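Visitor: I would like to learn how to read a structure like this one, feature by feature. Could you take me through it?

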Amino acid sequence: MSRPSTFGHSVFLGEGAAASGGAPRRAPGVLAVFLWLAAGLSVGYWVLQTLGRSPLTPVAAPAVTPPAPDAASVARVLGAVQVAAVDAPASAPPPLASRFQLLGVVAAGGAGGAALIAIDGQPPKPYRVGAELDGGVVLESVQRRSVRLAPPGGGASGFDLTLPEPPGESS
């Protein structure tokens, strides 16, 4: 004998699905969970995309100066046959002594000794008496606070370099 079903209450309790031979209805609930999960993840993604961006900072482009045109090249392109060259006034080369700077002296009595000399603003190097420096100049002699530099053949065209006075001493 079968029991007559009452207004469907037995279906909510799970008796109706088993009695009718069908599977329980869980698919709509599971689908609803997945849809809410997908909606929450999507909202979270777009919130992070919106809040995670920093404002754009404009980068100033450096000013580019165009190169100065070469007058001779421009004249040649425009058909000039001959361009008068403008010669710069020839300036005398700086004196040889201005290339050398004496930074230290080790005088060893008589003909011995060494000097610390910087050439053309380069780092200083030690030179012994008789050593050839840049430009064919030879370290001729070393005194207590000065050195004598001369061309390789010697002669009167040599020059002296002296150390600056220490700050505490005055003569």
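Guide: We will go from the overall pattern to strand pairing, then to charged pairs and to the surface. Please keep in mind throughout that this is a predicted model.

Visitor: Which elements does the protein chain contain, and in what pattern do they follow along the sequence?

Guide: The protein chain has 4 helices and 6 strands, and reading along the sequence gives the pattern α-α-α-α-β-β-β-β-β-β. Of its 171 residues, 15% count as buried, and among contacts with a separation of 6 or more, 25% join residues that lie 24 or more positions apart. The chain exposes about 14100 Å², of which carbon and sulfur atoms supply 64%.

Visitor: In what order do the strands of the open sheet lie, and which are the edge strands?

Guide: A general idea helps here: in a regular strand, side chains alternate between the two faces of the sheet. In this model, 3 strands form an open sheet in the order E1-E2-E3, with antiparallel pairing. The edge strands are E1 and E3 (125-128), each of which pairs on one side only, and the twist averages 25° from one strand to the next. Strand E1 and strand E2 (residues 112-119) are paired over 8 bridges, and within that pairing glutamine 101 stands opposite alanine 118 in E2.

Visitor: What does alanine 107 touch?

Guide: Alanine 107 belongs to strand E1 (residues 100-108), and it counts as partly exposed because its relative accessibility is 45%. Setting aside residues up to four places away in sequence, alanine 107 touches Gly113, Val142, Gln143 and Arg144.

Visitor: How many residues lie between E4 and E5 in their hairpin?

Guide: There are 3 residues between E4 and E5 in the hairpin, and the two strands pair in the antiparallel sense over 4 bridges. In this pairing serine 141 stands opposite arginine 148 in E5.

Visitor: Is serine 146 buried or exposed?

Guide: Serine 146, which lies in strand E5 (residues 146-150), counts as buried because its relative accessibility is 16%, where the cut-off for buried is under 20%. Leaving aside neighbours within four places in sequence, serine 146 is in contact with Leu102, Val105, Leu161 and Thr162.

Visitor: With which residues does arginine 148 form salt bridges?

Guide: Generally, side chains of opposite charge can pair when their charged atoms come close. Arginine 148 forms a salt bridge with glutamate 140, with the closest N and O atoms 3.6 Å apart, and another with aspartate 160, where the corresponding separation is 3.3 Å. Since arginine 148 lies in strand E5 and aspartate 160 in strand E6 (residues 159-162), the latter pair ties together parts that are 12 residues apart in sequence.

Visitor: Which parts does the pair of arginine 99 and aspartate 134 tie together?

Guide: A search of the whole structure finds 4 salt bridges, and one of them joins the side chains of arginine 99 and aspartate 134 at 2.6 Å, N to O. Arginine 99 is in the loop between helix H4 (71-77) and E1, and aspartate 134 is in the loop between E3 and E4, so this pair ties together parts that are 35 residues apart in sequence. A network of salt bridges links Arg99, Asp120 and Asp134.

Visitor: Which residues make the nonpolar surface patch?

Guide: Val30, Phe34, Leu37 and Leu41 make this patch, which covers about 420 Å². Phenylalanine 34, found in helix H3 (residues 27-51), counts as exposed because its relative accessibility is 53%, where exposed means over 50%.

Definitions and conventions:
Residues are numbered from 1 along each chain as its sequence is written. This is a predicted model: local features need pLDDT of at least 70, side-chain atom pairs count only at pLDDT 80 or more; totals for chains, interfaces and linings use all residues. Side-chain values use heavy atoms; hydrogens and water are left out. Patches are made of residues with over 30% relative accessible area and no salt bridge: like charges are joined within 9 Å, nonpolar side chains (Val, Leu, Ile, Met, Phe, Trp, Tyr) within 5 Å. Accessible areas come from the Shrake-Rupley method with a 1.4 Å probe; for residues, only the protein chains shown count as cover. Buried means under 20% relative accessible area, exposed over 50%, partly exposed in between (1.4 Å probe, protein chains only). Contact means heavy atoms within 4.5 Å. Two strands pair if DSSP finds at least two bridges between them. Axes are lines fitted to C-alpha atoms, for helices over the stretch in contact, and angles run from 0 to 180 degrees between N-to-C directions.
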